[in-house]
Amino acid sequence: MQINFYEHLYSSANCDTTFNHMFLEGLPQITKDSIQHLNSEITLTEISEIVSNMKTGKSPGTDGLTVDFYQFFWAELKDLVFNSLKMSVATGILSDEQRRAVLKLIPKKKKISRN
């Protein structure tokens, strides 16, 4: 019963499209050249450049491995990472670890009233 409720709730039949033009009008468009580039096959050169330009001192995944680790061991890891990304593109599915995220809530600081 709950499945039917949510399928109905989030179906496109329930979308009011009368105001779409207000939100979509004037948005920048992607050029045909950009579309072609974005749809081109991922290269090892692109991935290597991205890894070398990442900000150090951060851990991009839930495994705790830092950017510094990937940069230091890139020669040993590059084929594994590259093949993993190519597999994700080919299958259209990211691995469980690639789909996992950690969200950290940051509490708001209390505002001091100046009355």
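Searching the whole of this predicted model turns up 2 salt bridges. One of them pairs Asp 96 with Arg 99, and their closest N and O atoms sit 2.6 Å apart. These two residues are 3 residues apart in helix H7, so about one helical turn separates them. Asp 96 is exposed, and Arg 99 is exposed too. The other bridge joins the side chains of Glu 97 and Arg 100, with an N to O distance of 2.7 Å. Glu 97 counts as partly exposed because its relative accessible area is 34%, which falls between the 20% and 50% limits. Arg 100 is also partly exposed, with a relative accessible area of 48%. As general background, side chains of opposite charge can pair when their charged atoms come close.

Now for the pockets. The largest pocket has a volume of about 670 Å³, while the second largest has about 150 Å³. Here is how the two linings break down by residue class.

| Pocket | Nonpolar | Polar | Charged |
|---|---|---|---|
| Largest pocket | 11 residues | 5 residues | 4 residues |
| Second largest pocket | 3 residues | 2 residues | 3 residues |

Which residues of the largest pocket lie nearest its centre? Out of 20 lining residues, those are Pro 60, Tyr 70, Val 81, Leu 85 and Gln 98. Three helices each supply at least two residues of this lining: H4 (44-53), H6 (74-91) and H7 (96-99). Helix H6 gives the most, with 5 residues.

The second largest pocket is lined by His 37, Leu 38, Ser 40, Glu 41, Ile 42, Glu 46, Lys 86 and Val 89. Helix H3 (32-38) and helix H6 each put at least two residues into that lining. Helix H6 therefore turns up in both linings, as it supplies at least two residues to the largest pocket and at least two to the second largest.

What makes up the largest nonpolar core? It has 5 residues, namely Ile 47, Val 51, Trp 74, Leu 77 and Phe 82. Helices H4 and H6 each supply at least two residues of this core, and H6 gives the most, with 3 residues. Take Val 51 as a way into the surroundings: leaving aside neighbours within four places in sequence, Val 51 is in contact with Val 67, Tyr 70, Gln 71 and Trp 74. Of those partners, Trp 74 is itself a member of the core, and Tyr 70 is one of the residues nearest the centre of the largest pocket.

Staying with H6 for a moment, Ser 88 is found in this helix. Is Ser 88 buried or exposed? Ser 88 is buried, because its relative accessible area of 10% is under the 20% cut-off. Setting aside neighbours within four places in sequence, Ser 88 is in contact with Ile 93, Leu 94, Ser 95 and Gln 98. Gln 98 is another residue that lies nearest the centre of the largest pocket.

The loop between H4 and helix H5 (67-72) is worth a look as well, and Thr 56 is found there. At 40% relative accessibility, Thr 56 counts as partly exposed. Where does Thr 56 make contact beyond its neighbours within four places in sequence? Its partners are Val 67, Asp 68 and Gln 71. The C-alpha atoms of Thr 56 and Asp 68 are separated by 5.6 Å, although the two residues are 12 residues apart along the chain. Val 67 and Gln 71 are also contacts of Val 51.

Leu 65 lies in that loop between H4 and H5 too. Leu 65 is partly exposed, with a relative accessible area of 29%. Apart from neighbours within four places in sequence, Leu 65 is in contact with Ser 59, Pro 60 and Tyr 70. Pro 60 and Tyr 70 are both among the residues nearest the centre of the largest pocket.

Finally, there's the segment after H7, where Lys 110 lies. Lys 110 is exposed, because its relative accessible area of 81% is over the 50% cut-off. How far apart are the C-alpha atoms of Lys 110 and Asn 39? They are separated by 46 Å, with the two residues 71 residues apart along the chain.

Technical notes: Residues numbered from 1 in each chain as written. Predicted model: local features only at pLDDT ≥ 70, side-chain atom pairs only at ≥ 80, totals over all residues. Heavy atoms only, no water. 1 Å grid on protein atoms, 1.4 Å probe; cavity = no way out; pocket = protein on both sides within 12 Å on 5 of 7 lines; lining within 4 Å. Points joined across faces, edges and corners; volume = space filled by probe spheres on them. Helix = DSSP H or I, 4+ residues; strand = E, 2+ residues; numbered from the N terminus. Nonpolar A, V, L, I, M, F, W, Y, C, P; charged D, E, K, R; others polar. Buried < 20%, exposed > 50% of the residue type's maximum accessible area, 1.4 Å probe, protein only. Contact = heavy atoms within 4.5 Å. Core = buried A, V, L, I, M, F, W, Y, C linked by side-chain atoms within 4.5 Å. Salt bridge = Lys/Arg side-chain N within 4 Å of Asp/Glu carboxyl O.
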